[in-house]
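User: Could you take me through a close look at a single part of this model? I would like to know what surrounds it and how it is held in place by its contacts.

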Amino acid sequence: MKGPGLFSDIGKKAKDLLTRDYTYDQKLTVSTVSASGVGLTSTAVKKGGLYTLDVSSVYKYKNTVVDVKVDTESNISTTLTVLDALPSTKLVTSVKLPDYNSGKVELHYFHENASFATVVGTKPSPVVELSGTVGAQGVVFGAEAGYDTATGKFTKYTAAIGVTKPDYHGAFILADKGDTIKVSGVYHLDEKQKTSAVAELTRRLSTNENTLTVGGLYTVDPQTAVKARLNNNGTLAALLQHELKPKSLLTISGEFDTKALDRAPKFGLALALKP
């Protein structure tokens, strides 16, 4: 989609580099595509002593995508996505059964210098969320708000500024109704973005709490990448991701508290297999 992107994209580069692919469970994902073009994905997760399993199918037809997921707790999640139902729009409807009140409808509109998104729940007296961005030449200004029609109160309001250039990304976000300030940045140390550094500072004004997290990404070779992060509370995490074959990934990650070495560290293993 064209334009400055959605409000949720502001600060996403730093967030993904610090959190994406880190896992402390055992996870196996197998994806296949049938002859009719239906994509099937089976996921098994062991978390502690509990096992969960879900199966999802994705079917694409022209500008429409249908995604259905069933899990071991008898939940059925359905998502329907329609691209360009109207020019430069994306329509998403979803529901998770048996909770009929979980349904929601999303509409995204993209313009060369702006974007707009709205999310409305399907239950009576739903929460309505609105967000928008304007920007050009790599600089974006955005805001979002949530309003509960049942109570007549705002559930959230947030403002943000994002800057995107070829070698760095920066974001300033004022969230939690003005109580939280978040500043983040990603800097690519080479043109091919094989090595990157990231930092994120979060300050909660009501408690004078500060959290600083730094991290990095190093691409060892086209099939292998290493990530790490450390915050001022002493939590250190690292991740190794290797592409066993095209689109099939093995991810090993771990985390421990450097200020409490007597505590058992966390370890996770994820294997994603695709044909």
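Analyst: Happy to help; here is a walk around one residue, Thr133, followed by a short look at a strand pairing elsewhere in the chain. Please keep in mind that this is a predicted model.

Let's start with where Thr133 sits. Strand E9, which covers residues 127-136, contains Thr133. Is this residue buried or exposed? With a relative accessible area of 3%, Thr133 counts as buried, because the cut-off for that label is under 20%.

Its side chain has two polar partners to look at. One is a backbone atom: the oxygen of Gly5 lies 2.8 Å from the Thr133 side chain. The other is a side chain, that of Ser115, which makes a polar contact of 2.5 Å with the side chain of Thr133.

Gly5 and Ser115 also turn up in the wider list of contacts, which leaves out neighbours within four places in sequence. Thr133 touches Pro4, Gly5, Leu6, Phe7 and Ile10, then Asn113, Ala114 and Ser115, and also Val140, Phe141 and Gly142.

Now to the strand pairing. Strand E1 (residues 26-33) runs parallel to strand E19 (residues 266-273), and five bridges join them. Within that pairing, Lys27 has Ala270 in E19 as its bridge partner. E1 also pairs with strand E2 (residues 39-47), this time antiparallel and over eight bridges; here Val30 is matched with Ser42 of E2. Five residues separate E1 from E2 in this hairpin, and Gly37 in the turn has a positive phi of about 95°.

Conventions. Residues are numbered from 1 along each chain as its sequence is written. This is a predicted model: local features need pLDDT of at least 70, side-chain atom pairs count only at pLDDT 80 or more; totals for chains, interfaces and linings use all residues. Side-chain values use heavy atoms; hydrogens and water are left out. Two strands pair if DSSP finds at least two bridges between them. Helices (H or I, at least four residues) and strands (E, at least two) are DSSP runs, numbered from the N terminus. Buried means under 20% relative accessible area, exposed over 50%, partly exposed in between (1.4 Å probe, protein chains only). A polar contact is a pair of N or O atoms within 3.5 Å; within protein, one must be able to donate a hydrogen and the other to accept it, and residues adjacent in sequence count only if both atoms are side-chain atoms. Contact means heavy atoms within 4.5 Å.
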